[in-house]
Structure formats: C-alpha cells, structure tokens
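Please study the sequence and the three-dimensional view below. The questions that follow deal with backbone geometry and burial.

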Amino acid sequence: MKHPHVGTFRLLFSICSAVLCLLIPGLAYDDVSDGTLKALPRPGKDFDIHDGAILSPILIPRVAGTPGSTKVLNHFVDFFHTSLPNWNIEFQNSTSTTPVSGGKEVPFTNFIAYRDPPFAAKGDVGRLTLVAHYDSKYEPEGFIGAIDSAAPCAMIMHAMRSIDDALTKKWESMKATHAHSLDDHVGIQVLFLDGEEAFKVWTATDSLYGARSLAQHWDSEVNPAMSIYKTPLSSISMFVLLDLLGAKNPTIGSFFPTTHWGYQKLANVERRLRDLGLFKSGGESWFRDASKSEHEISHRDPVEDDHLPFLRRGVEVMHIVDFSTQTGFPDVWHQPEDDGEHLDMDTVEDWSILIAGFAAEWMELEGFFPGAKTGKRNTDKTEL
C-alpha cells in the first residue's frame with residue numbers, strides 16, 4: 001500500500017478554488033445539535049476483534065482473488081441485506097494479470113452500496129461517497145491489515161447503520177408532504193474497493209486495480225438522457241477515502257482546496273464530540289490543518305491511494321489517511337503487527353461515531369434521530 005507521492009497534484013489556482021467551493025452542493029449545511037451527536041450509538045460488541053459481528057469477519061487475510069476475499073465480500077453483502085435492507089447493492093468486476101500471477105488473470109470485485117431519496121431518479125442524485133479498500137497485502141503471508149483497511153471498512157459499516165433509520169424518517173416525511181426539490185436529491189454511497197495493494201512493488205500498474213477499473217467504468221457509463229448527472233462518476237459529490245485508521249493519536253492532513261471546507265466540517269464534529277465527552281481515546285485533535293484556510297494547506301497529497309483514478313477524472317476528494325511528514329505512516333504499516341490485537345479500539349470506535357456524525361450533517365438529519373433531544377444547534381462552528 002501507498003508510497004509517499006513523488007508527483008505534485010495542484011488542482012486549481014486559489015481564485016478558481018474559491019469560486020468552485022461556492023458551487024459545491026452541501027457547503028451550506030448546518031451543524032447537527034448536541035442532542036443528535038449524543039444519540040449516535042457506539043459499536044461496542046460489534047467491534048470485538050474475536051467475535052464482533054462487524055469487525056471480526058474482516059480481520060482475515062483477504063488478498064484479491066482468494067477465498068478470504070470472497071468471504072469478506074459475502075460478509076458485506078450479508079450485513080447490508082440484514083442491517084440496511086433499503087440499500088441497493090451492486091458489484092463491479094474486472095480482471096488483470098499481476099506480477100505474481102504467472103500470466104493468469106486475477107479477478108477483482110468492487111462492492112458498491114447506495115441509498116437514494118425515494119422521490120428521485122438515480123441519475124438525478126448526487127451522493128456523498130465513503131470509501132475504503134478491503135483487500136490485504138499479498139506479502140507477508142498471512143498479513144491481516146487491520147488499519148489497512150479492515151477497521152476503516154467496519155467504521156463505515158457502523159456509521160451507515162447509525163444514520164439509516166433517520167434517513168428513512170426524513171425521506172418518508174418529505175415524500176408524504178411533497179416538501180422536496182432538486183436540492184433534496186442527495187444520496188449516500190459506500191465503496192469497498194478491491195486490489196488497492198501492490199502484489200510486488202508499488203507501480204502505476206501494480207496497485208489500485210479496483211479503483212482504476214471502477215473510475216474508468218463509471219466515467220464511460222452514461223445515465224439516462226435528461227439526467228442531472230451525465231455519468232455515475234459525476235454524481236459523486238465528495239469522495240471521502242478512509243485509510244490507515246485505527247492506530248492511536250492519528251495525524252490527518254488536508255490536501256485539496258476545494259474540499260477543505262469538508263475537512264473543517266469533519267474536524268468540527270470531532271471537536272464537538274470531544275467537548276461533549278463522547279470520545280474515549282483522549283489526546284489532541286486529529287486534524288492538524290483544521291485552523292488553516294484553503295490557501296494555507298499544502299495543496300499536495302503525499303500519499304498515493306485509491307482516490308487517484310477518481311481525482312484525475314475531476315472528482316472532489318477528501319483523503320482521510322493517517323500520515324505525518326515527520327513520522328510517516330503508523331508504526332504497524334505493512335508489518336505483521338497490523339492485526340486486531342494492535343488496534344487501539346477506543347480510537348476505532350471514536351472514528352465510527354465521527355464518520356456517523358459527519359454523514360448525519362451532510363444528509364441533514366437533524367430532528368430525525370430517535371431519542372435525540374434536539375434544540376438550538378451548536379453555533380460555535382468552524383469558520384469556512
């Protein structure tokens with residue numbers, strides 16, 4: 001996985017970035033209330049590394065094209081069928097030779113799940129897209145890849161289950177009263193991508209197998225005539241990639257001016273969860289660039305990852321990866337120790353409620369969480 005990036009990705013000049021930010025759907029959404037944040041459930045037993053219903057089935061070797069990969073893929077399907085039955089499930093398949101396959105084609109399967117407003121046609125919905133890769137490294141043999149990226153997959157699964165009932169209530173209310181417009185055609189999507197890891201040495205062709213295939217496929221697939229979004233690729237409102245998460249005290253940077261506002265929104269939810277005593281992991285803020293403007297961040301993503309094939313096609317990306325220019329990746333990165341026993345479980349659980357809170361704000365679910373005591377929203381917002 002992921003070598004520090006040798007190229008420089010500059011998206012736009014600062015003035016263009018500012019203009020584009022004004023056009024991003026969802027930029028003006030409000031903070032959810034403290035009551036809603038308090039209503040977000042913790043995963044608890046479901047994240048037990050030995051028998052937890054969500055996390056433990058992913059903590060196995062799952063190299064692309066192997067039985068372990070199929071087992072984890074089936075786990076995703078079972079979870080969405082049983083816990084999120086209103087979601088649509090799709091797969092995108094491809095094959096490729098690899099440096100270790102002896103000329104044989106290796107299968108790669110991307111898992112796609114999404115939920116759209118019931119009053120909107122598929123081609124008219126822009127989707128918040130939460131992404132992680134589910135494959136593990138070919139070497140060393142038996143490698144688990146807990147932070148890389150079993151835990152991020154579990155975080156996303158729990159977060160989606162946490163907001164699903166509120167989504168149902170919101171959309172049922174809007175449908176019954178016909179109180180919706182094109183601005184309400186906002187959906188949510190999960191991508192668990194296959195083949196992120198290099199089989200031998202990280203190169204442009206030995207890495208990102210699933211991401212490269214899906215980005216190309218969605219860029220060429222055309223939605224029905226008169227759709228708001230021409231392709232499935234253009235319907236991605238923001239591509240939020242989670243990777244290398246689950247170690248204690250992560251360091252998360254912001255790399256893209258046009259999504260820095262989203263990074264600040266995520267950092268603001270983290271701050272509020274800490275202030276409310278809802279974080280178990282302690283420590284300082286994970287988001288080192290939260291106080292900076294989009295002009296002050298580095299504008300360079302130092303880590304190659306699954307976002308690249310989408311970024312190169314113009315998709316708005318927020319890369320949530322634990323990487324410091326001083327210390328590099330977490331200590332267990334690509335080591336046999338990257339297993340369940342070396343996860344910091346308080347941090348893993350905190351990430352899951354943070355992602356749920358971010359998604360709840362993006363989907364504007366204030367007032368739809370059962371048991372939440374809603375009231376005046378927290379007005380101490382991050383200034384964008």
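**Backbone and burial**

Threonine 259 is found in the loop between S5 and helix H6 (260-275); helices (H or I, at least four residues) and strands (E, at least two) are DSSP runs, numbered from the N terminus. This is a predicted model in which local features need pLDDT of at least 70, side-chain atom pairs count only at pLDDT 80 or more, and totals for chains, interfaces and linings use all residues. Residues are numbered from 1 along each chain as its sequence is written, and side-chain values use heavy atoms, with hydrogens and water left out.

Q: Is threonine 259 buried or exposed?
A: Buried means under 20% relative accessible area, exposed over 50%, and partly exposed in between (1.4 Å probe, protein chains only). The relative accessibility of threonine 259 is 2%, so this residue counts as buried.

Q: Which residues does threonine 259 touch, not counting residues up to four places away in sequence?
A: Contact means heavy atoms within 4.5 Å. With residues up to four places away in sequence set aside, threonine 259 touches Met238, Glu316, Val317 and Met318.

Q: How many of the 16 residues of H6 are buried?
A: Helix H6 is largely enclosed by the rest of the structure. This description follows because the buried residues of H6 number 13 of the 16.

Q: How far apart are the end C-alpha atoms of H6?
A: The expected span of a helix is 1.5 Å times one less than its number of residues. For the 16 residues of H6 the span should be 22 Å. The distance between its end C-alpha atoms agrees with this, at 22 Å.

Q: What phi does glycine 277 take?
A: Glycine 277 comes just after H6. Its phi is positive, at about 75°.

Q: Is methionine 226 buried or exposed?
A: Methionine 226 lies in the loop between helix H5 (209-220) and strand S5 (236-243). Although not a glycine, methionine 226 has a positive phi of about 75°. Its relative accessible area is 82%, so methionine 226 is exposed.

Q: Is histidine 334 buried or exposed?
A: Histidine 334 belongs to the loop between strand S6 (317-321) and helix H8 (345-362). Its phi is positive, near 60°, in a residue other than glycine. Its relative accessibility is 16%, so histidine 334 counts as buried.

Q: Which residue does a cis peptide bond join to glutamate 139?
A: Most peptide bonds are trans. In this cis bond, omega is about 0°. The partner of glutamate 139 lies in the loop between strand S3 (126-133) and helix H4 (146-177), and is proline 140.
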